[in-house]
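Colleague: I am new to this one, and I would like to find my way around. Could we go through it together, one question at a time?

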Amino acid sequence: MSYPDVRPRRLRRTPAMRRLVEETRVAPSELILPMFVKEGLAEPRPIGTMPGVVQHSRDSLRKAVVEAVQAGVGGIMLFGVPVSKDPAGSGGIDPNGILNVAIRDVVSEIGDATVVMSDLCLDEFTSHGHCGLLAPDGTVDNDATLAAYAEMAVAQAAAGAGVVGPSGMMDGQVGVVRRALDAAGYADVAILAYAVKYASAFYGPFREAVESSLVGDRRTYQQDPPNLREALREVALDVAEGADMVMVKPALPYLDVISAVREAVDVPVAAYQISGEYAMVEAAAANGWLNRDTAILETLTSIRRAGAQMILTYWAVEAARLLRARY
Ligand code: PBG
């Protein structure tokens with residue numbers, strides 16, 4: 001008898017064999033493209049911290065969405081950047097605010113050829129940059145914020161969003177949004193809850209994308225990175241309050257959390273590969289330090305393998321093309 005008698009390498013010998021035994025695949029339809037649209041822009045504007053990503057004009061957004069549909073992505077997640085911000089974030093609620101206008105533009109352009117989602121949070125619209133309204137003492141007022149989210153949800157549904165994504169980490173936000181949508185006649189609009197959202201350093205580049213004026217941090221509402229059990233509690237609450245899908249965010253530094261959430265609930269689980277995860281790979285690739293395309297697919301596959309059924313990623317269109325070429 002020769003030794004070793006068990007040889008796992010047999011199944012890795014050729015590309016055909018490796019493809020045959022591949023356990024995890026990412027489909028373009030599982031990718032969701034986050035997109036930024038800025039009020040008043042004539043031309044799209046590059047975001048320095050996220051090479052390859054832009055703030056869209058209303059016009060360029062329409063075109064980019066058509067391109068995303070053609071690439072076969074499963075959905076888009078819209079973020080609005082208003083020209084002027086105020087303490088109440090009123091641009092987020094205004095039916096003529098940039099995000100609501102953009103939702104209408106996109107829906108009139110592509111109908112339901114892909115799932116149109118909107119970020120439901122105040123931070124892009126507030127002058128102080130927090131995800132909620134501030135109490136006189138400067139802390140974020142949970143319950144006052146809930147009332148604003150309810151109005152925002154109805155405005156987004158009226159504009160045509162198929163899915164709203166409450167992302168501010170206020171207690172009770174999913175329940176209040178569900179009730180507001182139902183009461184306004186939007187029982188069919190789904191909720192993708194940013195259920196597990198950590199106070200992460202990897203949001204850095206996003207702050208430039210939405211021109212956030214935040215001073216300080218979000219640690220009184222976003223979760224502490226060391227905590228996993230707390231994430232499961234957040235997810236259970238959101239599902240009980242009516243979340244149709246739940247999200248974990250960021251993705252790559254929290255694969256264990258994705259995996260645990262997947263085990264804990266029976267609703268679809270999404271993960272958000274955030275701006276800093278994108279920027280890390282782009283920066284390293286720009287320096288020639290790693291192979292960009294391989295790294296992109298490896299990160300997406302890992303997030304999928306951990307248990308996320310859907311992935312929000314700034315590479316959605318490009319990755320969809322890479323995946324089509326591969327399978
Ligand atoms: C909140 C929101 C943020 C992101 C998505 N929704 C910012 C934050 O909570 O600090 C970050 C996305 C990214 O970094 O790519 N509206």
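**A guided tour**

Modeller: Happy to start with helix 5, whose buried residues pack against strand 5, helix 4, strand 6, strand 7 and helix 7. Please keep in mind that this is a predicted model.

Colleague: Which residues of helix 5 are buried?

Modeller: Helix 5 covers residues 173–183. A residue counts as buried if 20 or more other C-beta atoms lie within 10 Å of its own. In helix 5 that description fits Q173, V174, V176, V177, R178, A180 and L181.

Colleague: Which residue with a positive phi follows helix 5?

Modeller: Look just after the helix for a glycine. Its phi is near 90 degrees, and the residue is G185.

Colleague: Let's turn to strand 6. Are its residues buried or exposed?

Modeller: Strand 6 spans residues 163–166. V163 and G165 point one way, while V164 and P166 point the other way. On both sides the answer is the same: all are buried.

Colleague: In what sense do strand 5 and strand 6 pair, and over how many bridges?

Modeller: Strand 5 is made of residues 115–120. One pair to look for is L120 with its bridge partner P166 in strand 6. The two strands pair in the parallel sense, over four bridges.

Colleague: Through which helix does the chain cross from strand 5 to strand 6, and what is the hand of that crossover?

Modeller: Follow the chain from strand 5 to residues 142–159, which form helix 4, and then on to strand 6. So the connection is a β-α-β crossover through helix 4, and it is right-handed.

Colleague: Which residue in strand 7 stands opposite V164?

Modeller: Strand 7 holds residues 190–197 and pairs with strand 6 in the parallel sense over two bridges. The chain gets from strand 6 to strand 7 through helix 5, in a right-handed β-α-β crossover. Opposite V164 you will find I191.

Colleague: Why is strand 8 described as largely enclosed by the rest of the structure?

Modeller: Take the two faces in turn: M245, M247 and K249 are buried on one side, and V246 and V248 on the other. Strand 8 is largely enclosed because its buried residues number five of the five.

Colleague: How many bridges join strand 8 to strand 9?

Modeller: Strand 8 also pairs with strand 7, in the parallel sense over four bridges, and there V196 stands opposite V248. Strand 9, residues 269–272, runs parallel to strand 8, and V246 has V269 as its bridge partner there. The chain makes a right-handed β-α-β crossover from strand 8 through helix 8 to strand 9. The number of bridges joining strand 8 to strand 9 is three.

Colleague: What is the omega of the peptide bond that joins K249 and P250?

Modeller: P250 sits in the loop between strand 8 and helix 8. Most peptide bonds are trans. The bond joining K249 and P250 is cis, with an omega of about -5 degrees.

Colleague: Where does P4 lie, the proline of the cis bond from Y3?

Modeller: The peptide bond from Y3 to P4 is cis, and its omega is near 0 degrees. Along the chain, P4 belongs to the segment before helix 1.

Colleague: Is M169 buried or exposed?

Modeller: M169 lies in the loop between strand 6 and helix 5. Its phi is positive, about 60 degrees, although M169 is not a glycine. Since 23 other C-beta atoms lie within 10 Å, M169 is buried.

Colleague: And how does E211 count?

Modeller: E211 is in the loop between helix 6 and helix 7, with a positive phi near 55 degrees. It has 16 C-beta neighbours inside 10 Å, so E211 counts as partly exposed.

Colleague: Which helix do the buried residues of helix 9 pack against?

Modeller: Helix 9 has twelve residues, 275–286. Its buried residues are S275, E277, Y278, A279 and E282. They pack against helix 6.

Colleague: Lastly, how many residues of each class make up the shell around the ligand?

Modeller: The residues around the ligand are D119, C121, D123, E124, C131, S167, Y203, F206, R218, I274 and S275. By class, the shell has five nonpolar, two polar and four charged residues.

Conventions: Residues numbered from 1 in each chain as written. Predicted model: local features only at pLDDT ≥ 70, side-chain atom pairs only at ≥ 80, totals over all residues. Near = placed C-beta within 6 Å. Nonpolar A, V, L, I, M, F, W, Y, C, P; charged D, E, K, R; others polar. Buried ≥ 20, exposed ≤ 12 C-beta atoms within 10 Å, placed from the backbone. Pairing = 2+ DSSP bridges. Expected span 1.5 Å × (residues − 1). Contact = placed C-beta atoms within 7 Å.
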